[in-house]
Amino acid sequence: TDRRRLDLGPAARIALTFRETFGEEGVHTGAVTLRGADGLAADDRRYFSLRTERGVPVLLVSGDERAGRYLRAALAPDSTVPGGFVVREGLPADLAAVAREEAAVVVLADVERLDDAALTGLRAYLASGGGVLVFPGPHLDAAAWGRTFLPRLLPGTLSDLRAVRPEAAFHIAALDPSHPLFALFRDEAGGLEEVRFTRALHFRPQAGTAVLARYEDGTPAIVESTLLPGRILFFTSALDPAWSDWPLTGVFLPVVHEAVRHLSAGGERPVRSLAVGEGASVRLSALPAGGALELLPPDERARTVVPVASPGGYDAVLSEADRPGIWVFRGGRGDTLGAFAVNVPTAESDPARIDPAAVREALGGARTRVLDEGPELARVVREVRLGREIGRLFLWAAALFLLAEMIVAGRLVRARVGDATP
């Protein structure tokens, strides 16, 4: 537990850093609480979840010295720093036996081609839950990859190289906001969209390959295959300066780190932040013992969740997180397979007036009438209240009329009985 004292004025933002040393690797959860009356208690606690690791083992196979240097500098600038990446450089021939190595991720940078032994080894590696990160480059033989790697591991086709002059550089224009690779950029402007590209391979995805990012002309920039329990991330542009300025930008390091961490997780231990009302899922390469998981909502008894089959594995689904707090998927041995921090949307904390157009859009085109403050609003309120009050009067009048009718009917009956008496 740590504390900070701060003065937070209206609409102010303050960055605070809390430092914690975790004794074990794995998934950790917690919350940051704001103490002090601010009139809106529902958003005074923000939950978080994070994953710590001693070091992700990475096998780097590079066909270009410059690309290899960029990746080494990004992944292992200082081997003494804990919780980073442990990089071992290898050759394409090492891929034949990669499934027997400890590498959590294989990075292929500008590798010209792969033989049958390497492809068979990679397939076995992916079947065991490993991850593969691929960057093309000037040495990559697109035709050879299209005949070998793609049909076996990454459904799609490669065609002509798109090349433009530097003054006509193109950019990434669309990202999949739900993908963990882009979690760092959800609330920030810029990022990958500011990288300038001058060359890229034209990739046409097929069933089993998802497009995570697209260039301005709609062609894929980043794709992912999950046909096997492990995942493949394929970038269609290279780390070579003749292809892009990406390695020279501030976004290069966080994206490479997020890509490797995403692939090393194998989809089995996701850590995400959600807003109340959103859903999430945990990707499993195999069914757990007993065929079911436990879902632990905040302050509630555990629920049983049966994973559903999907291409290359199974998904345990949280359809909707209906309250803030920590939601945890737990395996049969009590191990944490996924932890989701669910918070009240930050937009709900803004007391500013919502634009009427935004209200209509949020209601999905339903017939609406937005009233301004002042006489018009007061008039409508009076009309509504008057209508309700008149309605109550009508109910009372109907009840009295019914009572009077019953009394009159009773007297008539008694009168008739009296007339009939001799």
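Tutor: Let's start with a term: a polar contact is a pair of N or O atoms within 3.5 Å; within protein, one must be able to donate a hydrogen and the other to accept it, and residues adjacent in sequence count only if both atoms are side-chain atoms. This is a predicted model, where local features need pLDDT of at least 70, side-chain atom pairs count only at pLDDT 80 or more, and totals for chains, interfaces and linings use all residues. Residues are numbered from 1 along each chain as its sequence is written, and side-chain values use heavy atoms, with hydrogens and water left out.

Student: What makes the side chain of Ser 49 and the backbone oxygen of Ala 339 a polar contact?

Tutor: The side chain of Ser 49 reaches that oxygen of Ala 339 at 3.3 Å, and the cut-off is within 3.5 Å, so the pair counts. In sequence, Ser 49 and Ala 339 are 290 residues apart, yet their C-alpha atoms are 6.4 Å apart in space.

Student: Why is Ser 49 called buried?

Tutor: Its relative accessible area is 12%. Buried means under 20%, exposed over 50%, and partly exposed in between (1.4 Å probe, protein chains only), so Ser 49 is buried.

Student: And what makes Phe 48 partly exposed?

Tutor: Phe 48 has 32% relative accessibility, so it falls between those two limits.

Student: How do you know that Asp 64 has no salt bridge?

Tutor: A salt bridge needs a side-chain nitrogen of Lys or Arg within 4 Å of a carboxyl oxygen of Asp or Glu. The nearest side chain of opposite charge to Asp 64, Arg 66, is 5.5 Å away, so there is none. A polar atom of the Asp 64 side chain does lie 2.9 Å from the backbone nitrogen of Ala 67.

Terms used. Lys and Arg count as positive and Asp and Glu as negative; His and the chain ends are not counted.
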